[in-house]
Amino acid sequence: MIGDLADFVALLERRGQLRRIPVPVSPELEVAEITDRISKGPAHENLALLFERVDGSAMPVLVNAFGSAERMAWALGVERLDELGERVAKLLDMNLGGGFAERLRKLGSLIDVARAGPRRVDQAPCQEVVETQAPSLAGLPVLRCWPGDAGRFITLPCVFTRDPVKGTRNVGMYRLQVFDERTLGMHWQTHKGGAEHHYWSEVLGAGSSRGCAVDAARLRTRMPVAIALGGDPALIYAASAPLPPGIDEVLFAGWLRGGGIEMARCRTIDLEVPARAEIVLEGWVDPRERRLEGPFGDHTGYYSLAREYPVFHLTAVTRRARPIYPTTLVGRPPQEDYWLGKATERLFLPIVRMMLPEVVDMNMPAEGVFHNLVIVSIRKRYPGQARKVMTALWGMGLMMLAKTIVVVSEHVNVHDLSEVAWRATGNIDPKRDLVLLEGPMDDLDHAALRHRFGGKLGLDATEKGPLDDVTQPWPDEIVMSEEIRERVTRRWKDYGL
Ligand SMILES: Cc1cc2nc3c(=O)[nH]c(=O)nc-3n(C[C@H](O)[C@H](O)[C@H](O)COP(=O)(O)O)c2cc1C
Ligand SMILES: [Mn+2]
């Protein structure tokens with residue numbers, strides 16, 4: 001069973017999916033260019049890469065480990081990503097009575113906490129070396145990814161925070177810009193779990209509880225934050241997953257793995273981190289502090305602009321004696337992050353279907369960079385149903401950030417972009433079938449009306465019929481008769497083609 005990065009590297013190597021690069025390479029752009037070519041090249045060359053000699057650091061650098069459907073599945077202990085959805089579907093089948101909110105709440109409790117719950121350990125591999133006196137980020141082989149980047153960025157971190165009011169944990173994947181040896185830019189975007197905790201720390205720090213019953217002892221100004229690099233690949237994935245607030249990523253990762261994640265107490269702050277991480281950065285964020293972060297060549301394929309973000313101050317580096325530094329490259333798709341997103345799409349489909357039973361399938365294609373395009377197929381029974389599905393999705397967790405939602409009929413293969421383009425242009429009358437509204441937008445949307453707020457487009461590309469009050473008859477789709485198809489298949493060789 002995989003429990004940490006070394007296990008995963010060994011598995012990838014056994015299955016011929018890892019390439020070691022023994023020659024010296026520069027963390028300044030060179031690793032990025034190699035990785036970009038590998039991610040966009042032919043499938044058989046798309047391998048995980050382990051750079052063994054990166055200038056300026058003793059640590060090997062692992063990249064693209066999750067960068068294919070297979071490797072992503074293996075990271076989560078399955079052979080196909082669809083098995084994940086099947087597991088979730090089975091979980092949901094278990095007697096989920098009750099209304100909307102109640103079902104969602106039950107979902108958390110259905111996860112078998114006894115088996116999947118985190119386990120506290122005292123001896124942690126991630127604390128073989130502990131640097132609390134003058135801790136420094138200087139030893140890390142942090143990459144500079146693109147020429148216009150403001151500096152070097154840690155790109156595959158698991159950021160641990162605690163809700164200052166409720167005490168619940170969040171783990172999110174938020175990039176970190178290296179400002180200097182002890183300071184990082186903390187790029188948790190507005191809509192994310194870390195930012196929510198930060199918001200409440202800020203509110204409490206300002207001395208107001210905004211109507212919320214708060215234990216006075218919790219009114220601290222500094223917010224403890226721990227950053228884990230490496231650990232169980234299921235937890236690395238979980239940090240990227242848009243779990244509903246209050247559902248613990250560590251528990252979720254334990255459920256994915258089929259065994260609890262081992263956690264150890266930090267040395268300088270009151271948080272726990274995965275014991276089998278490679279490297280842990282302990283520190284704090286002052287909720288009042290902001291600093292210009294970026295630009296950074298982002299997963300949209302554009303640079304995200306420099307903006308004010310919180311700042312992380314380092315109090316300790318703890319690590320293994322010989323750690324691997326895990327990282328990823330984002331940029332114009334497709335890249336490794338597409339596969340992390342695919343896992344989420346497959347895992348969350350049954351949850352979407354629980355809320356919206358008419359939904360058949362869903363695709364968030366690489367070109368849509370998650371938040372720009374969601375294609376969903378539905379079984380339509382009543383007028384306005386496509387619109388209902390769009391608006392429901394726009395109200396569901398981070399789906400609120402989806403810019404375009406295309407709804408097609410149940411028989412359409414949402415994963416075939418050629419088919420979707422054909423239907424989505426042919427089956428619509430723009431006057432009747434477009435929905436335009438406004439709402440929250442991803443921090444990274446560079447085209448939005450204004451930062452974090454903008455227009456949304458829904459396309460009802462289902463076939464229209466009496467349900468939709470169309471005045472001209474809707475034609476049949478062209479399909480050859482079964483009899484002729486069989487005959488031609490049978491005689492194919494005779495034609496000499
Ligand atoms: C490689 C990678 C980098 C990411 N970088 C960021 C980031 O810098 N800021 C951010 O808010 N979200 C980023 N995300 C997306 C979040 O990890 C994702 O929205 C996740 O749901 C956050 O966890 P949360 O829902 O607990 O906040 C990134 C995702 C991946 C896969
Ligand atoms: Mn979360």
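Tutor: Before we start, one cut-off: a residue is buried under 20% relative accessible area, exposed over 50%, and partly exposed in between. Keep in mind too that this is a predicted model.

Student: Okay, then is R452 buried, exposed or partly exposed?

Tutor: Start with where it sits: R452 is in the loop between β24 (434-440) and β25 (453-460). Its relative accessible area is 31%. Buried needs under 20% and exposed needs over 50%, so R452 counts as partly exposed.

Student: What is the phi of R452, given that it is not a glycine?

Tutor: R452 is not a glycine, yet its phi is positive. The value is about 75°.

Student: And which loop holds L29?

Tutor: L29 also isn't a glycine, and it has a positive phi of about 70°. At 31% relative accessibility, L29 is partly exposed. Its loop is the one between β1 (18-25) and α2 (30-40).

Student: On to the metal. Which residues are the protein donors of the manganese ion (ligand 2)?

Tutor: Look for protein atoms lying 2.1 to 2.2 Å from the ion. One is an OD1 atom and the other an OE atom. They belong to N170 and E249.

Student: How many residues apart in sequence are the parts that this pair ties together?

Tutor: N170 lies in strand β8 (residues 169-172), while E249 belongs to helix α9 (residues 249-257). Because the two donors come from separate elements, the pair ties together parts whose separation in sequence is 79 residues.

Student: What is the relative accessible area of E249?

Tutor: The cut-off for buried is under 20%. N170 passes that at 11%. E249 counts as buried too, with a value of 2%.

Student: Let's turn to helix α8 (residues 233-240). How many of its 8 residues are buried?

Tutor: The buried ones are P233, A234, L235, I236, Y237, A238 and A239. The helix is therefore largely enclosed by the rest of the structure. Out of 8 residues, the buried count is 7.

Student: Which residue caps the N-terminal end of α8?

Tutor: Look at the backbone nitrogen of A234. A side-chain oxygen lies 2.7 Å from that nitrogen. The oxygen belongs to D232.

Student: Now a sheet. In the one with the order β4-β12-β13, which strands are the edge strands?

Tutor: This is an open sheet of 3 strands with mixed pairing. An edge strand here pairs on one side only. That description fits β4 (119-120) and β13 (272-274).

Student: In β12, which residue stands opposite R120?

Tutor: β4 pairs with strand β12 (residues 262-265) in the parallel sense, over 2 bridges. Opposite R120, in β12, you'll find M263.

Student: At what angle do helix α4 (residues 82-93) and helix α10 (residues 336-355) pack?

Tutor: In the contact, D82, L84, G85, V88, A89 and L92 of α4 meet R346, L347, P350, I351 and M354 of α10. The crossing is right-handed. The axes are 6 Å apart, and the angle is about 35°.

Student: Last one: what kind of peptide bond runs from P333 to P334?

Tutor: P334 sits in the loop between β20 (325-327) and α10. For comparison, the bond from G294 to P295 is cis, and P295 is in the loop between β15 (291-293) and β16 (296-297). From P333 to P334, omega is near 0°, and the bond is cis.

How values were computed. Residues are numbered from 1 along each chain as its sequence is written. Chains are lettered from A and ligands numbered from 1 in the order in which they are written. This is a predicted model: local features need pLDDT of at least 70, side-chain atom pairs count only at pLDDT 80 or more; totals for chains, interfaces and linings use all residues. Side-chain values use heavy atoms; hydrogens and water are left out. Donors are N, O and S atoms within 2.8 Å of the metal (3.2 Å for Na, K and Ca); water is not among the atoms, so sites may look incomplete. Helices (H or I, at least four residues) and strands (E, at least two) are DSSP runs, numbered from the N terminus. Buried means under 20% relative accessible area, exposed over 50%, partly exposed in between (1.4 Å probe, protein chains only). A polar contact is a pair of N or O atoms within 3.5 Å; within protein, one must be able to donate a hydrogen and the other to accept it, and residues adjacent in sequence count only if both atoms are side-chain atoms. Two strands pair if DSSP finds at least two bridges between them. Axes are lines fitted to C-alpha atoms, for helices over the stretch in contact, and angles run from 0 to 180 degrees between N-to-C directions. A crossing is left-handed if the near helix is turned anticlockwise from the far one by less than a right angle, and right-handed if clockwise. Contact means heavy atoms within 4.5 Å.
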